[in-house]
Amino acid sequence: MKIGFDAKRLYNNFTGLGNYSRNLLLNLAEFFPRNEYVLYTSKVEKRPETEEILENPAFDTHFPNSRLNMLWRSFGLPAQLRKEGIELYHGLSNEIPSGIKDVKTVVTIHDLIYKIYPQTYSTADRLIYDTKFAYACKHADAIVAISETTRNDIIRFYGIPEEKISVIYQSCHPMYYTRQTQAQLDEVRVRLELPKQFMLSVGSVIERKNLMLVAEALRVLRGRIDVPLIVVGSGGKYKDKVQEYLLRNNLHGQVIWMSNLSDNSDLQALYQLASVFVYPSRYEGFGIPVAEALLSGTPVITSNVSCLPEAAGPHAELIDPDSPTDLAAAIYRLLNDDALRKLRSESGLKYALRKYDRKKLTTQLMNVYKEVRIKK
């Protein structure tokens, strides 16, 4: 089968949507190498993540055959797909081009956050997203939702029949399914000057991710726990707000900020070295850092809302995202009970290896492609 993919985020986004796209293509190339995989983008940012795709002979990257780059992805691409013999097109990030004919289509819907938290988006952005998402959900031959929560939101907001939507979880980058050696971990610890014991938080420092709750929990734990928090993620005004709170409460020495890591393997090492992973987000389409932490054998504390119980499984500590004392109690419990921490680590890893098995998830996706391909 000759399959086309929207590769805009794959080549130019280095957080959730980009990671999803790259991991999905790497899995397809590994487990279903007989298909042709054609990636469509108007530009490519060259970084180690994209070089992994560009240098892989399984992928053929195509650019606009029109000078109208800004309109090409939404309106000009269908003609190019037909001309180049694409049998099925997968919109990897919530949208498909307008007016596709004679080419079957699948779209991945990641989340409907702009519906759940409209105040965090401008009016113009909400209108654009709503138009694109609604069109994709209505006109795609099949929809992939990355969690049951997202599936339910699609049905709730767009009235899409349940049978049109397949829930297929994200997998993580292949490296997360292996362990770094102790020598590798020791090298990272020394190079990054990491403390002997630490908690970890990974993700954009924005209001929805709720890092302030962790800061408030640190205040509750003052004098009882002396384990620093490492935060991997960038932010703007909300990060400033969290830093001001930490400074005002003399907690700024408890938090180590890492906005950029030069190598993804360093992030993997941080996950494996952390005593506890803390992720009290209020809403996620999936929550890939939770899966990455579980696969790294790190006990997870996350929220009891949205898709997070679904992503974290039955062995995580689930907390109220509005309760600093609830989070503080979970942190204290895990950091002071070695047996419990070991149980959460081992059970969480087993759960993640089953739930996020790369071959299983990729086979589920390929089955969707095959079903769509034979539809009349």
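The lining of the second largest cavity in this predicted model divides into seven nonpolar residues, four polar residues and one charged residue. About 90 Å³ of space lies inside this second largest cavity. Its walls are built from Ser 201, Val 202, Gly 203, Ser 204, Val 205, Lys 209, Leu 211, Val 231, Val 278, Tyr 279, Pro 280 and Ser 281. Two elements, E8 and E11, each give two or more residues to this lining.

Strand E8 is a good place to continue. Which residues of E8 are buried on its two sides? Met 199 and Ser 201 are buried on one side, and Leu 200 and Val 202 are buried on the other, so that both faces of the strand are covered. E8 also has partners along its length. With E9 it pairs in the parallel sense over four bridges, and with E11 it pairs, again in the parallel sense, over two bridges. Met 199 takes part in both pairings: its bridge partner in E9 is Leu 229, while in E11 Met 199 stands opposite Val 276. As a general point, strands of a sheet pair through backbone hydrogen bonds, either parallel or antiparallel.

These strands belong to an open sheet of six, with parallel pairing and the order E10-E9-E8-E11-E12-E13. The edges are formed by E10 and by strand E13 (317–319), each of which pairs on one side only. On average, neighbouring strands of this sheet are turned by 25° against each other, with direction ignored.

Helices accompany this six-stranded sheet. Helix H12 lies across E8, E11 and strand E12 (300–303), and it runs at about 170° to E11. Helix H11, residues 264–273, is mostly covered, with eight of its 10 residues buried. The buried residues are Asp 266, Leu 267, Gln 268, Ala 269, Leu 270, Tyr 271, Gln 272 and Leu 273. What covers them? The cover includes helix H8 (182–191), strand E8 (199–202), strand E9 (229–232), strand E10 (255–258), strand E11 (276–279) and helix H12 (288–295).

The model also has pockets, and the second largest pocket has a volume of about 220 Å³. Of the 13 residues that line this pocket, Glu 207, Asn 210, Met 212, Tyr 238 and Arg 282 are the closest to its centre. By class, the lining holds four nonpolar, three polar and six charged residues. Helix H9 (211–220) and helix H10 (237–248) each supply at least two of the lining residues. The largest share, three residues, comes from H9.

Helix H9 also holds Glu 216. Is Glu 216 buried, partly exposed or exposed? Its relative accessible area is 26%, and because buried means under 20% and exposed means over 50%, Glu 216 counts as partly exposed. Leaving aside residues up to four places away in sequence, Glu 216 touches Tyr 245 and Pro 324. From Glu 216 to Ser 201 the separation is 15 residues in sequence and 14 Å in space, C-alpha to C-alpha.

How many cavities of 30 Å³ or more does the model contain? The count comes to three. The largest cavity encloses about 120 Å³ of space. It is lined by Tyr 20, Asn 23, Leu 24, Asn 27, Leu 28, Ile 168, Tyr 169, Gln 170, Ser 171, Leu 361, Thr 362 and Leu 365. Helix H2 (16–31) and helix H16 (358–374) are the elements that give two or more residues to this lining. H2 gives the most, with five residues. By class, the lining of the largest cavity comprises seven nonpolar residues, five polar residues and no charged residues.

Another open sheet has seven strands in the order E3-E2-E1-E4-E5-E6-E7, with parallel pairing. Its edge strands are strand E3 (59–62) and strand E7 (165–167), each pairing on one side only. Neighbouring strands of this seven-stranded sheet are turned by 25° against each other on average, direction ignored. Three bridges join strand E6 (residues 142–145) to E7, and the two run parallel. Within this pairing, Val 144 has Ser 166 in E7 as its bridge partner. Helix H2 packs on the sheet, touching strand E1 (2–6), strand E2 (36–40), E3, strand E4 (88–91), strand E5 (104–109) and E6. The direction of H2 makes about 160° with that of E2. Helix H2 thus appears twice in this picture, lining the largest cavity and packing on the seven-stranded sheet.

Note on methods: Residues numbered from 1 in each chain as written. Predicted model: local features only at pLDDT ≥ 70, side-chain atom pairs only at ≥ 80, totals over all residues. Heavy atoms only, no water. 1 Å grid on protein atoms, 1.4 Å probe; cavity = no way out; pocket = protein on both sides within 12 Å on 5 of 7 lines; lining within 4 Å. Points joined across faces, edges and corners; volume = space filled by probe spheres on them. Nonpolar A, V, L, I, M, F, W, Y, C, P; charged D, E, K, R; others polar. Buried < 20%, exposed > 50% of the residue type's maximum accessible area, 1.4 Å probe, protein only. Contact = heavy atoms within 4.5 Å. Pairing = 2+ DSSP bridges. Axes fitted to C-alpha atoms, helices over the stretch in contact; angles between N-to-C directions.
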